[in-house]
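User: Please take a close look at the largest nonpolar core of this protein. Which residues make up that core, and which helices supply them?

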Amino acid sequence: MAGLKPGAATSAGCGGDDAFDFQAVGETITARFAVAARAAAASTAIVQRSQTLTYGELDRRSNKLARHLSARGVQAGDLVALHAGRSIGSIVAIVAILKIG
């Protein structure tokens, strides 16, 4: 894309105007996701057939699942198996697992 520096990509969910700097140091992917989710809470994050999920909804659902997994004893560094196909639930689970650490 014209005008972007190396290591940056646009966020399609945010209209493509915001650059995501992949070279940023010192931040976790989950911290960066939280910032992006707040900034674009009403923007569409996922589309699957007739279903959509906004960034705010993705953040809330993944937080809820992360709390549930933590309550079941899942901790940072644990291996978590995910048996999932292409679905909104799969993305929610992946983000939740990342949030646990």
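Analyst: What follows describes the core and then its surroundings. This is a predicted model, in which local features need pLDDT of at least 70 and side-chain atom pairs count only at pLDDT 80 or more, while totals for chains, interfaces and linings use all residues. Residues are numbered from 1 along each chain as its sequence is written, and side-chain values use heavy atoms, with hydrogens and water left out.

The largest nonpolar core has ten residues: Phe33, Ala37, Ala40, Ile46, Leu53, Tyr55, Leu58, Ile88, Val92 and Val95. A nonpolar core here is a set of buried Ala, Val, Leu, Ile, Met, Phe, Trp, Tyr and Cys residues joined through side-chain atoms within 4.5 Å; buried means under 20% relative accessible area, exposed over 50%, and partly exposed in between (1.4 Å probe, protein chains only). At least two residues of this core come from each of helix 1 (29-39), helix 2 (55-71) and helix 3 (88-100), and helix 3 gives the most, with three. Helices are DSSP runs of H or I with at least four residues, strands are E runs of at least two, and both are numbered from the N terminus.

Within the core, Ile46 touches Gln51, Thr52, Leu53, Leu58, Ile88 and Ile91, leaving aside residues up to four places away in sequence; contact means heavy atoms within 4.5 Å. A second, separate core has five residues, among them Ala66, Leu69, Ala96 and Ile100.

Across the protein, buried residues are 25% of the 101 residues. The order along the sequence is β-β-α-β-β-α-α, with three helices and four strands.
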